[in-house]
Amino acid sequence: MNNNIKMIKVDSSNVDEVGYDEAEQVLYVRFLTGALYIYKGVSVYEFEGLCSAPSVGSYLHRNIRNNYPYERIE
């Protein structure tokens with residue numbers, strides 16, 4: 001993980017924190033289980049939508065999970 005990425009705590013029953021690398025368009029998502037995933041090609045608009053969503057988990061599932069390539073890195 002890029003150590004320059006600021007992770008933001010979110011209020012979610014499934015997601016612990018999220019971060020974003022705007023230069024690389026990479027979204028970082030750490031789940032409450034401790035698993036860390038990256039999602040590639042995510043726009044800043046999509047990241048902002050995730051952060052402001054009433055349900056972070058639902059937004060992630062509906063708008064990001066099946067629309068961007070992802071991999072578990074931790």
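This section describes the sheet, the helices that lie across it and the nonpolar cores of a predicted model.

The strands of the model form an open sheet of five, arranged in the order β1-β2-β3-β4-β5 with antiparallel pairing. At the edges of this sheet stand β1 (8-9) and β5 (70-72), each of which pairs on one side only. The edge strand β1 is joined by two bridges to β2, which comprises residues 15-21, and the two strands run antiparallel. Within this pairing, K9 stands opposite E17 of β2.

E17, found in strand β2, has a relative accessibility of 15% and therefore counts as buried, the cut-off being under 20% relative accessible area. When neighbours within four places in sequence are left aside, the contacts of E17 comprise M7, I8, K9 and V10, together with Y28, V29 and R30.

Two helices lie across the sheet. Helix α1, made up of residues 44-52, lies across β1, β2 and β3 (26-31), and runs at about 155° to β2. Helix α2, made up of residues 56-65, lies across β2, β3, β4 (36-40) and β5, and runs at about 140° to β3.

In α1, the buried residues are E46, F47, G49 and L50. Because they cover an arc of only 160° around the axis, they are placed on the same side of α1, whereas Y45 and S52, on the other side of this helix, are exposed. The buried residues of α1 pack against three strands, β1, β2 and β3, and also against helix α2.

In soluble globular proteins, nonpolar side chains tend to be buried together. In the present model, the largest nonpolar core has 17 residues, and those with the most contacts inside it are V15, L27, V29, Y39, L50, L60 and I64. Two or more residues are given to this core by each of the elements β2, β3, α1 and α2, with α2 giving the most, namely four residues. For V15, once neighbours within four places in sequence are left aside, the contacts are V10, V29, R30, F31, L32, V56 and L60. A second core, separate from the largest one, consists of six residues, among them M7, V26, L36 and I38. M7, a member of this second core, is also one of the residues in contact with E17, while V29, which belongs to the largest core, is in contact with both E17 and V15.

Notes:
Residues numbered from 1 in each chain as written. Predicted model: local features only at pLDDT ≥ 70, side-chain atom pairs only at ≥ 80, totals over all residues. Heavy atoms only, no water. Pairing = 2+ DSSP bridges. Contact = heavy atoms within 4.5 Å. Axes fitted to C-alpha atoms, helices over the stretch in contact; angles between N-to-C directions. Buried < 20%, exposed > 50% of the residue type's maximum accessible area, 1.4 Å probe, protein only. Core = buried A, V, L, I, M, F, W, Y, C linked by side-chain atoms within 4.5 Å. Arc of directions from axis to C-beta.
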